[in-house]
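The exercises below ask you to read a model step by step, with each task followed by a worked solution. Keep the sequence and the coordinates at hand as you go.

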Amino acid sequence: MPSATAPPDTGSAGCVLDRDGMGALVRELRARGRTVIGPTVRDGAIVLAELESAEELPYGWGVELEGGHYRLRRRADAAAFAHSAGPQSWKNFLHPERVRQWTADRGPDGELTVRAEPPAAASFAFLGVRPCDLRAIQIQDRVMIGGPHRDDAYRERRTGAFLVVVECTEPGATCFCVSMGTGPAAQPGYDLALTEVLDETGHRFWARAGTARGAEVLDSLPRRPADEATQDRARRGVAEAAGRMGRTMPPVDLRDLLADTLEARRWDDVAARCLTCGNCTMACPTCFCTTSEDITDLTGDHAERWRRWESCYDLDFTHLPGGSVRTSARSRYRQWLTHKLGTWWDQFDSSGCVGCGRCIVWCPVAIDITEEAHALHQESLADRAGAADGAP
Amino acid sequence: MTAVPLPYRVLDNRPETADTHTIVLRPVGTALPPFSPGQFAMVYAFGVGEIPVSVAGTHHGDLTHTIRGVGAVSRALCAARPGTRVGVRGPFGTGWDLEAAVGRDLLVVAGGLGLAPLRPLVRAAASQPRDHGRLNVLIGARTPGDLLYREEWQDWGRPYCQVTVDQPAPGWRGRVGVVTALLDQAAFAPHRTTAFVCGPEVMIRATARALLHRGVPARHIRVSLERNMHCATGHCGHCQLGPLLLCRDGPVVGYDRAEPLLAVREL
């Protein structure tokens, strides 16, 4: 896991930033040469984009989420982070949709020169990473730089990124991070963790550093020591959020559930609804699949390799000389769900799902990963009961 | 190098069958790390694209690949004249792991182009006869014209080599039938045999079933599986077979792992 420096003493109670302190945080990160990416209202959604100032944060905006449904709504208060996942995730920046991997030139005598794409000097600061999304970043780390072959460009972007986690106090109707063990409280891996507090005493953020560079940034901001009331209020807000999850997963070992239900009838049911459009894979913060495209210019002597996001729902995804392996919608939805909840463990020793709910919101036909998992669980219970009844 | 291809030049290109060529590649500068039998390379035809190809032979830094021209890239590679520059990445994936079969009878079963990744294994085994028991090589192909490396078989020397074709052609005096029928002719002690199987998936399953039936333990049946190896570095997701990323966990896996996965349609 990339870690710029050893974590400092975080046993301290942290400090409190007010709204001006948030402004100072963005200025400080920018002054340190970082591109600050955070949530902002654009095109009828809360998107992740470069922030020039903290005033671009979605103060006073919330979201209304359901299967296949996303609406912005005005809040009665001025909270900046009282919204859950939008259409993008941090993978848009760490594992971008399209990257050039190398260029090649053929010389007059046919000689071949291949040049690796020089790593871009990206130095991001991500402001407003939700705990579930922090886990999603860590899951992509395992895929991209945790195995025998490391993606150097990803590592550059990742190790350079400064992460400001904001704990979740306002889960959406499609959220289930508690089931996945990823939120709503911040877990290790952040440079700074913030918890937003709004009450009669004012609008403020309880801030803690997770790394030395996080502490250094915090020390440069106008702040005050964290008082008991703010800490209590912040902790209570997060604890209450844990009780307000809109969705749950069945309380079973999901890896076993998926391994045992490969031939379930439920796959036919969901296949009848699934459009195999791949939206869930694009919105998912951990889905990492890509396709390489080799292109040439008009001279034919200059070639490039580009890597772009790809979806396991694409028919060509499993292309072999004899035809594609997974042609039915049933097999392609099953691949996505079994990978996400089950075989991801075998491949990368973690779940591939963090409970952010994006796949539910951005599915045009409102297929709900939690509903499908519950249905598989019910079917397997029923089958087991049936088998027991039928036993001699 | 695993992400960026290294330049190699085509040293030799000879037709193997009507649609299949064997090419020998020599590094232009730095050579890739050594390949083990069973591993594969990603071979890039300039401006066309890249495909996974198993190594059919290695000699110092040179790589031998036997390629059937079925798509744009494989046809370009089959047509590459000596001197042509290509790009190569690798080595990738698991090998046959001959070392783990020390002292055991070796049974090599190949279907069609499946003989290509088995060729370096057979050569390695034949060159170290004292390391193992009997070596049997069973070769099947659709027609006599699809048989690979015919001129080499006698050079392999010691192994007991049996050949069969699905459809005979005029002049064919050998056996006709599926490759599993050759198992009855081969002498091996099932419980201390390691089998190495490569070919179309249906042939792999039929062969493995026949071997299990004879008492060869599933984990000693090593099979080489094919899925869409696309990036070869475990990052693109295309080559998944259930829990396996075949570019990383395969292509060679024990049949104890492969059997339940191959039993599920469209997994």
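**Exercise 1: The two domains of chain B**

Task: determine how many residues of domain 1 of chain B are in contact with domain 2 of chain B, and describe the side of domain 1 that takes part.

Solution. In this predicted model, 18 residues of domain 1 of chain B are in contact with 17 residues of domain 2 of chain B, where contact means that the C-beta atoms of two residues, placed from the backbone, lie within 7 Å. On the side of domain 1 of chain B that touches domain 2 of chain B, the elements giving two or more residues are E3, E4, E5, E6 and E7 of chain B; strands (E, at least two residues) and helices (H or I, at least four) are DSSP runs numbered from the N terminus. The residues of that side divide into 8 nonpolar, 7 polar and 3 charged, with Ala, Val, Leu, Ile, Met, Phe, Trp, Tyr, Cys and Pro taken as nonpolar, Asp, Glu, Lys and Arg as charged, and the others, Gly among them, as polar. The bounds are 6-92 for domain 1 and 98-262 for domain 2 of chain B, and they come from an automatic or database domain assignment. Taken over C-alpha atoms, the centres of these two domains are separated by 22 Å.

Two conventions apply throughout. Residues are numbered from 1 along each chain as its sequence is written, while chains are lettered from A and ligands numbered from 1 in the order in which they are written. Because the model is predicted, local features need pLDDT of at least 70 and side-chain atom pairs count only at pLDDT 80 or more, whereas totals for chains, interfaces and linings use all residues.

**Exercise 2: The sheet of chain B**

Task: give the order of the strands in the open sheet of chain B, and find which strands stand at the edges.

Solution. The 7 strands follow the order E4-E3-E7-E1-E2-E6-E5 in chain B, with antiparallel pairing; two strands pair if DSSP finds at least two bridges between them. E4 and strand E5 (57-59) of chain B each have a single partner strand, so one side of each is left without a neighbour in the sheet. From one strand to the next the twist averages 35°, angles being taken from 0 to 180 degrees between the N-to-C directions of axes fitted to C-alpha atoms, for helices over the stretch in contact.

At one edge, strand E3 (residues 40-45) of chain B pairs with E4(B) over 6 bridges, and B:Tyr44 stands opposite B:Glu50 in E4(B). The hairpin of E3(B) and E4(B) has 3 residues between the strands, and B:Gly47 takes a positive phi near 75° there. At the other edge, 3 bridges join E5(B) to strand E6 (residues 62-68) of chain B, and B:Leu63 in E6(B) is the bridge partner of B:Thr58. Helix H2 (residues 115-127) of chain B packs on the sheet, touching E4, E5 and E6 of chain B, and its direction makes about 45° with that of E5(B).

**Exercise 3: A residue of chain A**

Task: decide whether A:Tyr333 is buried or exposed.

Solution. A:Tyr333 lies in helix H11 (residues 329-348) of chain A. A:Tyr333 counts as buried because it has 23 C-beta neighbours inside 10 Å; the label requires 20 or more other C-beta atoms within 10 Å, whereas 12 or fewer would make a residue exposed and a count in between partly exposed. Beyond its neighbours within four places in sequence, A:Tyr333 is in contact with A:Trp267, A:Val270, A:Ala271 and A:Cys274.
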